[in-house]
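Welcome! Open your viewer, have the selection tool ready, and follow the stops below one after another.

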Amino acid sequence: MTTPRKLHIKSYGCQMNVYDAQRMVDTLAGEGFVETASAEDADLVILNTCHIREKASEKVYSELGRLRVAKDEAARAGREMKIAVAGCVAQAEGAEIIHRAPTVDIVVGPQSYHHLPELLKRAKENGRALETEFPVEDKFGFLPQPKPDAIRARGISAFVTVQEGCDKFCTFCVVPYTRGAEVSRPVAKIIDDVKQLADNGVREFTLIGQNVNAYHGEGPDGRAWSLGKLLQRLAAIPGVIRLRYSTSHPRDVDDDLIAAHRDLPELMPFVHLPVQSGADRILAAMNRKHTADDYRRVIDRFRAARQDIAFSSDFIVGFPGESEEEFSATLALVTQIGYAAAYSFKYSPRPGTPAAEMRETVSAAEMDERLGRLQELIDSQQSAFNRAAIGTTVDVLFERAARNPGQIVGRTAYLQPAHVMASPDIIGQVRSVRIDSLERYSLIGELATQSAPGLISQTIGA
Ligand code: 5AD
Ligand code: SF4
């Protein structure tokens with residue numbers, strides 16, 4: 001028997017990269033690779049990169065510097081280490097990586113992960129291999145399914161890619177270039193994936209896509225199904241306890257999706273709905289194709305369908321030409337909506353995007369100051385939201401043993417971590433928990449006496 005080769009994947013950026021990393025592991029398992037936690041003893045190291053902002057991209061080159069040392073050390077010990085760069089930086093800067101980083105053996109774009117075994121062979125024969133095409137065949141048809149033990153090892157919550165790419169072309173964003181045009185997977189394939197995961201113990205499914213609610217995959221009836229309809233179908237699969245989806249665009253919230261929130265108890269009342277800015281002139285310059293009021297109306301439709309719904313969002317401060325008044329409009333929108341969580345970023349010009357050509361930049365000092373103010377507001381909303389849980393009873397899906405002995409940790413509907421002292425038997429179950437206190441971002445509580453899930457649960461609102 002040959003000894004298994006060791007694979008180490010380091011992922012940056014979004015949930016799609018986490019999912020892609022697992023599919024790469026599944027693909028390479030067929031080549032005799034097993035995962036290892038340390039890069040130093042790996043035979044193949046894959047950096048699964050993110051290109052969304054400059055800081056994310058730069059991490060690749062600093063990490064490659066560290067890996068070069070590990071590769072040289074391995075060579076001195078008579079061992080060969082191959083280094084691959086995958087993800088969106090590979091897609092956007094593949095040729096440059098090959099040129100700038102001689103230590104890299106393979107560069108592979110997100111649409112070509114199913115070609116990894118062949119690229120490894122090519123790298124062995126020719127020294128190096130680069131593939132950043134958008135192949136005509138659908139990679140999902142070729143990526144192998146994870147084995148049952150791999151699914152179980154990954155826990156009770158899983159990502160399922162339902163669509164990839166984006167046709168929105170927000171002027172600041174590289175995604176339409178790195179992930180390509182919007183493509184939805186057929187409903188039947190997604191059902192198969194979810195069934196297989198559910199059969200192996202997965203209980204929470206997050207449907208992911210760069211613009212997930214633009215989903216329009218082919219249904220079993222030959223028609224394009226909306227995300228709402230897909231969610232409705234998936235909720236009927238035995239073992240599916242919780243459904244989520246991410247990331248949505250406000251323009252693509254249709255009545256089916258709202259109805260899904262109204263009708264499906266499995267669909268969690270927590271929606272990530274990025275708005276980026278609260279100022280209409282900036283939204284137009286970003287090519288978001290909606291106004292701040294359009295966004296408010298979308299939020300109102302969700303709230304009318306499910307009163308306990310809460311939101312998170314993404315914001316960019318310092319988009320070219322953003323005035324103090326325009327930034328204040330963002331603060332006003334945040335104050336009005338009231339978020340359970342939100343992410344905010346300083347605008348980062350990305351090569352090849354229209355906004356990178358815009359001249360009216362906002363100074364670094366101004367950006368820092370605005371980011372600070374926005375984050376303070378978001379933090380105060382998040383803390384208030386978390387504090388509101390104290391004294392209530394909430395449903396928690398338990399995931400794993402916590403660091404403290406005897407404690408089990410799970411998540412609420414709003415993804416807040418919740419800790420209780422309990423037997424590990426509750427892992428994989430939804431249980432009612434009375435929340436007693438808050439430690440930083442974690443809720444601490446006790447199992448409510450009634451064990452039937454959801455029976456006496458009172459939900460907390462935004
Ligand atoms: N600069 C700053 N933030 C960006 N994002 C996307 N592109 C940029 C950029 N060029 C942010 C947006 C998006 C999130 C994933 O990253 O807020 O929703
Ligand atoms: Fe990027 Fe999202 Fe805009 Fe698509 S909708 S271009 S992924 S910010």
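Start by selecting residues 5-11, strand β1, and residues 44-49, strand β3: the two run parallel and are joined by five bridges. Strands here are DSSP runs of E with at least two residues, helices are runs of H or I with at least four, and both are numbered from the N terminus. Two strands count as paired if DSSP finds at least two bridges between them. Within this pair, look for H8, which stands opposite V45 in β3.

Before you go on, note that this is a predicted model, in which local features need pLDDT of at least 70 and side-chain atom pairs count only at pLDDT 80 or more, while totals for chains, interfaces and linings use all residues. Residues are numbered from 1 along each chain as its sequence is written, chains are lettered from A and ligands numbered from 1 in the order in which they are written, and side-chain values use heavy atoms, with hydrogens and water left out.

Now add residues 33-35, strand β2, which is parallel to β1 and joined to it by three bridges. Here R5 stands opposite F33. To get from β1 to β2, the chain passes through helix α1 (residues 15-29), making a right-handed β-α-β crossover. Right-handed means that, with the strands pointing away from you, the path from the first strand over the helix to the second runs clockwise.

Widen the selection to residues 5-125, which an unreviewed UniProt entry lists as "domain: MTTase N-terminal". UniProt positions are given in the numbering used here, feature names are shortened, and annotations may be inferred rather than shown by experiment. This stretch is 51% helix and 20% strand, with its end C-alpha atoms 18 Å apart.

Next, select ligand 1. Which residues are around ligand 1? You should find I52, R53, F172, Q276, D314, I316, F345, K346, Y347, S348 and R350, where a residue counts if one of its heavy atoms lies within 4 Å. Strands β13 (310-317) and β14 (341-346) each supply at least two residues of this shell.

Zoom in on the oxygen atoms of ligand 1. One lies 2.6 Å from a side-chain N or O atom of Q276, and an oxygen atom is 2.7 Å from a side-chain N or O atom of D314. A polar side-chain atom of R53 is 2.8 Å from an oxygen atom of the ligand. Taken alone, ligand 1 exposes 400 Å², and the protein buries 87% of that; the areas come from the Shrake-Rupley method with a 1.4 Å probe.

Stay on Q276 for a moment: this residue is not a glycine, yet has a positive phi of about 75 degrees. Q276 sits in the loop between β12 (270-272) and α10 (280-285).

Move on to ligand 2, and show C166, K168, F169, C170, F172, C173, V175, P176, H249 and R288 around it.

For a backbone detail, pick S246 and T247, which are joined by a cis peptide bond with omega of about 5 degrees. T247 lies in the loop between β11 (242-246) and α9 (255-263).

Finish at residues 387-449, listed by UniProt as "domain: TRAM" in an unreviewed entry. This region is 2% helix and 56% strand. Inside it, strands β18 (residues 430-439) and β19 pair in the antiparallel sense over six bridges. S437 has I444 as its bridge partner in β19. The two strands form a hairpin with two residues between them, and R440 in the turn has a positive phi of about 50 degrees.

Note on methods. A polar contact is a pair of N or O atoms within 3.5 Å; within protein, one must be able to donate a hydrogen and the other to accept it, and residues adjacent in sequence count only if both atoms are side-chain atoms.
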